[in-house]
Amino acid sequence: MLGGNRMKVAIVGATGYGGLELIRLLQQHPDVEIVSLHSTTAADQPLASLYPHLAGQHLPPLERIDPEKISQTVDLVFLATPSGTSKDLAPTFLELGMKVIDLSGDFRLKKGTLYQQWYQKAPAADLYLQQADYGLTEFRDDPAATFVSNPGCYATATLLGLAPLLQHQLIEPDSIIVDAKSGISGSGKAPTPLTHYSEVNDNLIYYKVNKHQHIPEIMQQINKWDASVPTIQFATALLPITRGLVATIYVKPKLPITEEALFAYYQHLYEKKEFVRMMPAGELPTIKQVVGSNYCDIGITYNPQTNTLVIVAVIDNLIKGAAGQAIQNLNVMNGWEETKGLGFVPVYP
């Protein structure tokens, strides 16, 4: 660490929803100091002049992105930039010897051709795609990695909901159907015709059905657990709420099984995972019970007549689905308690 006992960090993309949430959460972290904030759209002004809710937080002013200058003052950089931006920034920071946690999709996929297909952008160099550790915190390959690619919000909920079944190869490989719905903040801060109040309010809008860019990263991790899964049916929709995400997953077990037996697999896998909470067998969670927190709550119910298991996983898309999981990965990287700076209860009501 560059002087002092607290880790010094920079946030690039500080004016987006992900960057703003990183600021809010890191302000509560006992071992982290935000040294600099950076933006491509705003610089040389206090962040509170754009976002009055940050008045009195004693934050550094917004600056332009200068990797050389940033590397001289901080230990780690969070990249909360849109996809297509991080792929150029991250290698520069890495070559300067910095630790990097990227919240975009630029380094989630190990195959650059897949990235080009799903994101319609040129991929990062293969060297860096292979170097990045996929940051689904509960299942990290290399917890000590200093270059982490944070998962997408839909991927986080879906993969946590499926992990016990796939790791034990309990389900028919071609039976996975995911119906996932997110609050409007999941679409980012830049307005689009899809996110106008008059479109979203009192409505439910399906979008990118079977075309969402989180699908290939979900499949990448699924096939690490069970290579026999050929694909998934995946639908995404916007809910008329600000925060929160629910993934409703339908699968068919290979053999008839009791709800209690299925629950035992989940309980065994997650009983020591700080941020995954299981509902009692047969009960399903609601979005409201996780909003404002880093928890993923999971419930399961089984219909023996149709041999169909329904899994419901809920998260706050901006916290466990983005900034909170990034900080969870920061904690793991540094050997800190996973809950450090994240030990707050959900907002209720």
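## A tour of two sheets and the helices around them

Begin by selecting helix α10 (residues 319-333), which lies across β1, β2, β4, β5 (99-102) and β7 (147-149) and runs at about 150 degrees to β5. Contact here and below means heavy atoms within 4.5 Å; axes are lines fitted to C-alpha atoms, for helices over the stretch in contact, and angles run from 0 to 180 degrees between N-to-C directions. Helices (H or I, at least four residues) and strands (E, at least two) are DSSP runs, numbered from the N terminus.

What is on screen is a predicted model, in which local features need pLDDT of at least 70 and side-chain atom pairs count only at pLDDT 80 or more, while totals for chains, interfaces and linings use all residues. Residues are numbered from 1 along each chain as its sequence is written, and side-chain values use heavy atoms, with hydrogens and water left out.

**The parallel sheet**

Next, select the strands beneath α10. They belong to an open sheet of seven strands in the order β3-β2-β1-β4-β5-β7-β6, with parallel pairing, where two strands pair if DSSP finds at least two bridges between them. At the edges are β3 (62-63) and β6 (133-134), each of which pairs on one side only. Then show strand β1 (residues 7-12) together with strand β4 (residues 76-79): the two run parallel and are joined by four bridges, and A10 stands opposite V77 in β4.

Add helix α1 (residues 17-26), which lies across β1, β2 (32-38) and β4 and runs at about 160 degrees to β1. With α10 still visible, the pair α1 and α10 can be seen to pack at an angle of about 50 degrees, their axes 9 Å apart. The two helices are therefore oblique to each other, given that angles under 35 degrees count as roughly parallel, over 145 as roughly antiparallel, 65 to 115 as roughly perpendicular and the rest as oblique. To display the residues that meet, pick G18, E21, L22, R24, L25 and L26 in α1 and I319, A323, G324, A326, I327 and L330 in α10. The contact of α1 with α10 divides into eight nonpolar, two polar and two charged residues; Ala, Val, Leu, Ile, Met, Phe, Trp, Tyr, Cys and Pro count as nonpolar, Asp, Glu, Lys and Arg as charged, and the others, Gly among them, as polar.

Before leaving this part, go to H58 in the loop between β2 and β3, which has a positive phi of about 55 degrees although it is not a glycine.

**Helix α6 and its two partners**

Now select helix α6 (residues 153-167) and helix α8 (residues 215-225), whose axes come within 10 Å and cross at roughly 15 degrees; α6 and α8 are therefore roughly parallel to each other. From α6, show Y154, A155, T158, L159, L162, A163, L166 and Q167, and from α8, E217, I218, Q221, I222 and W225, which together make the contact. By class, the contact of α6 with α8 has nine nonpolar, three polar and one charged residues.

Keep α6 and bring in α9: these axes come within 9 Å and cross at roughly 110 degrees, so α6 and α9 are roughly perpendicular to each other. Here L159, L160, G161, A163, P164, L165 and Q167 of α6 touch L262, Y265, Y266, L269 and Y270 of α9. The contact of α6 with α9 holds ten nonpolar, two polar and no charged residues.

**A salt bridge to zoom in on**

Return to E217 and add R108, whose side chains meet in a salt bridge (3.2 Å, N to O), a term that requires a side-chain nitrogen of Lys or Arg within 4 Å of a carboxyl oxygen of Asp or Glu. Because R108 lies in the loop between β5 and α4 (112-119) and E217 in helix α8, the pair ties together parts that are 109 residues apart in sequence. The structure holds 13 salt bridges.

**The mixed sheet**

Select the other strands next: seven of them form an open sheet in the order β9-β10-β8-β11-β14-β13-β12, and the pairing is mixed. Its edge strands are β9 (205-207) and β12 (276-278), each pairing on one side only. Strand β8 (residues 177-182) and strand β10 (residues 233-238) run parallel and are joined by six bridges, and the bridge partner of K181 in β10 is A237. Helix α9 (residues 259-270) packs on this sheet and touches β12, β13 (296-303) and β14 (308-315), its direction making about 160 degrees with that of β13.

**Last stop**

Finish in the segment after α10, where P349 is found; the peptide bond from Y348 to P349 is cis, with omega near 0 degrees.
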